[in-house]
Amino acid sequence: MIKPGDLFQHLGNDVIIEVLRTYNYRDIDPECVESVAIIGMIEVVILSGGNIGKKTKYSRKHFWQKFLKLESK
């Protein structure tokens, strides 16, 4: 389970991020308001690399494909 404050590392490089919050995004089809998809989202802040301090959002599905949790000891 992802909690605010957890640290993750990008699988492709050494970028470290911190989770700010998790939330559910409602994706409503404009042509059919009865069609609603709930998408789990994660908002993070970048702590290292070229974009330090930048906030960004990922869907949970894509987040787990790009990041690995750093274990605290």
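Which residue in β5 is the bridge partner of His10? In this predicted model, that place is taken by Phe67. The pair is one entry point to the contact between β1 (residues 7–10) and β5, two strands that run antiparallel and are joined by 3 bridges.

Stepping back to the whole sheet, there are 5 strands in an open arrangement, and reading across gives β4-β3-β2-β1-β5, with antiparallel pairing. At the edges sit β4 and β5 (67–69), each of which pairs on one side only. The sheet is also twisted in the sense that neighbouring strands are turned by 45° against each other on average, direction ignored.

Now for the strand pairs one by one. Next to its contact with β5, β1 also runs antiparallel to β2, again through 3 bridges. Here Gln9 of β1 stands opposite Ile16 in β2, and the two strands are connected by a hairpin that passes through 5 residues. Moving along, β2 (residues 16–28) and β3 (residues 36–46) are antiparallel too, and 11 bridges hold this pair together. Two of the facing pairs can be picked out: Ile17 stands opposite Ile46 in β3, and Arg21 stands opposite Glu43 in β3. On the other side of β3 comes β4 (residues 55–59), antiparallel to β3 and joined to it by 5 bridges. In that pairing, Val44 has Thr56 of β4 opposite.

What about the nonpolar side chains? The largest nonpolar core has 11 residues in all, and its members are Ile2, Phe8, Val15, Ile17, Val19, Ile42, Val44, Ile46, Tyr58, Phe63 and Phe67. Two elements, β2 and β3, give two or more residues to this core, and β3 gives the most, with 3 residues. Some names from the strand pairs come back here: Ile17 and Ile46, which stand opposite each other, both belong to the core. Phe67, the partner of His10, is a core member as well.

Not every nonpolar side chain is tucked away. Ile28, Val33, Val36 and Ile38 make a nonpolar patch of about 370 Å² on the surface. Val33 belongs to the loop between β2 and β3. Why does Val33 count as exposed? Its relative accessibility is 64%, and the cut-off for exposed is over 50%.

Charged side chains add 2 salt bridges to the picture. One of them is between Lys69 and Asp6, with the closest N and O atoms 3.4 Å apart. This pair links distant parts of the chain, since Lys69 lies in strand β5 and Asp6 in the segment before β1, 63 residues apart. The two partners fall into separate accessibility classes: Lys69 is partly exposed at a relative accessible area of 33%, while Asp6, at 15%, counts as buried.

The other salt bridge brings back a facing pair from the sheet: the side chains of Arg21 and Glu43 meet at 2.6 Å, N to O. Arg21 is in strand β2 and Glu43 in strand β3, so the contact ties together parts that are 22 residues apart in sequence. Arg21 counts as partly exposed because its relative accessibility is 38%, whereas Glu43 is buried, with a relative accessible area of 13%. Arg21 and Glu43 thus stand opposite each other across the two strands and also meet through their side chains in a salt bridge.

Conventions:
Residues numbered from 1 in each chain as written. Predicted model: local features only at pLDDT ≥ 70, side-chain atom pairs only at ≥ 80, totals over all residues. Heavy atoms only, no water. Pairing = 2+ DSSP bridges. Helix = DSSP H or I, 4+ residues; strand = E, 2+ residues; numbered from the N terminus. Axes fitted to C-alpha atoms, helices over the stretch in contact; angles between N-to-C directions. Patch = residues over 30% accessible without salt bridge, like charges linked within 9 Å, V, L, I, M, F, W, Y side chains within 5 Å. Areas by Shrake-Rupley, 256 points an atom, 1.4 Å probe, with all protein chains shown as cover. Salt bridge = Lys/Arg side-chain N within 4 Å of Asp/Glu carboxyl O. Buried < 20%, exposed > 50% of the residue type's maximum accessible area, 1.4 Å probe, protein only. Core = buried A, V, L, I, M, F, W, Y, C linked by side-chain atoms within 4.5 Å.
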